[in-house]
Amino acid sequence: MSPSADGAGTARPAGPPAARLQVQRVRPAYRQVADELRSQIMRGALAPGTRLPAESELTGMFGVSRSTVREALRVLTSQHLIDTRRGVQGGSFVAAPDPAQVVEDVGGALGVLVATPRLGMSDLLEARLLLEPAAARLAAQRAAPETIEALRIAASSPRDPRDPSGFVEHMDFHTTVLMATGNLMLTMMGQPVGDVLRTRLDRAAVAPERWTEVDSCHAEITEHIARGEAAEAEEAMRSHLLDLRELYSRPGAWKAD
């Protein structure tokens, strides 16, 4: 290492290089408060309907300012873990997590992401191709008679005159297949993708006969599930989704942002 000079011009050896320390930022206080309350809600220490202590009490319990407590409560409200009510009997109350609300939130977030370069429609279609054939197999193995009836109704639902494509009914069929697995997680994973397709696909640009083909595919998948033909149901769903992916990949298939 080359020497350096002091103010008098005298050469002196350079000192050792400065150490590079990995500094880990401390999480904001409001997030730490939110995390602790969320943990208590998730493990059942705070049951649904429980009224949380007043803000003044929470500031003392956590040793933070009132503004920090309020921000923590806003985080939990946005996650639908607490409800805030006004009035004499008001306050912050623990809410039971609602899967439908979670699905709606995820669908909204995906809708935002697909409008950016970070997530494309091709990513959603690929994920769907992995998820729904497996769901069709499970549905064939598990579906109860009333579930099969629901599938048949979904597969043959009349089209809304306001939407000749029948796209909403078609997506409802796919959601019903997911629900027929009896696995809530599969439904929560698959339904948000359908919600994005529901809002982003330019259905008017698709030839009407293609939607008739979709109806036929849904009827075939339904009968495989009804007969408990797991492998056939899985393959029929995979073939159907591959056809749809080709349809969705056409120029002009998606609405402009």
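Me: Why does His 224 count as buried?
Reply: The relative accessibility of His 224 is 12%, and buried means under 20% relative accessible area, with exposed over 50% and partly exposed in between (1.4 Å probe, protein chains only); His 224 therefore counts as buried. The model is a predicted one, in which local features need pLDDT of at least 70 and side-chain atom pairs count only at pLDDT 80 or more, whereas totals for chains, interfaces and linings use all residues. Residues are numbered from 1 along each chain as its sequence is written, and side-chain values use heavy atoms, with hydrogens and water left out.

Me: What is His 224 in contact with, leaving aside its neighbours within four places in sequence?
Reply: The contacts of His 224, which sits in helix α9, are Ala 140, Glu 229, Glu 232, Ala 233 and Ala 236. Contact means heavy atoms within 4.5 Å.

Me: Which helices and strands does the protein chain hold, and how many?
Reply: There are ten helices and four strands, in the order β-β-α-α-α-β-β-α-α-α-α-α-α-α along the sequence. Helices (H or I, at least four residues) and strands (E, at least two) are DSSP runs, numbered from the N terminus. Of the 257 residues in the protein chain, 35% are buried.

Me: Which residues of the largest nonpolar core touch the most other members?
Reply: They are Phe 173, Val 177, Leu 197 and Ile 225, in a core of 33 residues. A nonpolar core is a set of buried Ala, Val, Leu, Ile, Met, Phe, Trp, Tyr and Cys residues joined through side-chain atoms within 4.5 Å. Two or more residues each come from α5 (121–142), α6 (145–155), α7 (167–180), α8 (184–200), α9 (208–226) and α10 (230–248). The element giving the most is α10, with eight residues. In soluble globular proteins, nonpolar side chains tend to be buried together.

Me: What does Ile 225 touch, not counting residues up to four places away in sequence?
Reply: Ile 225 touches Ala 136, Ala 139, Ala 140, Ala 143, Ile 148, Leu 151, Val 177 and Ala 233. Another core lies apart from the largest one and has 15 residues, among them Leu 73, Leu 76, Ile 82 and Val 94.

Me: How do you know that β3 and β4 are paired strands?
Reply: Two strands pair if DSSP finds at least two bridges between them. Four bridges join β3 (residues 82–85) to β4 (residues 91–94), so the definition is met. These strands run antiparallel. Ile 82 has Val 94 as its bridge partner, and Arg 85 has Gly 91. Five residues lie between the strands of this hairpin, where Gly 87 takes a positive phi near 100 degrees.

Me: What makes Arg 85 a charge over the ring of Phe 93?
Reply: A charge sits over a ring if NZ of Lys or CZ of Arg is within 6 Å of the ring centre and within 35 degrees of the ring normal. Arg 85 lies over the face of Phe 93, at 4.0 Å from the ring centre.

Me: Why is Thr 50 called partly exposed?
Reply: Its relative accessible area of 26% falls between the limits for buried and exposed, so Thr 50 is partly exposed. Thr 50 lies in the loop between α1 (29–42) and α2 (55–62). Beyond its neighbours within four places in sequence, Thr 50 contacts Ser 92, Phe 93 and Val 94. The C-alpha atoms of Thr 50 and Ser 92 are separated by 8.5 Å, although the two residues are 42 apart along the chain.

Me: What is notable about phi of His 80?
Reply: Phi of His 80 is near 60 degrees, a positive value in a residue other than glycine. Most residues other than glycine have a negative phi. His 80 lies in the loop between α3 (66–78) and β3, and its relative accessible area of 26% makes it partly exposed.

Me: Where does pLDDT stay under 50?
Reply: This is the case over residues 13–25, for which the model has six contacts beyond four places in sequence. The term pLDDT is the predictor's confidence in each residue, from 0 to 100. Where pLDDT is low, the predicted coordinates should not be read in detail. For the protein chain the mean pLDDT is 80, and 78% of its residues reach 70 or more.
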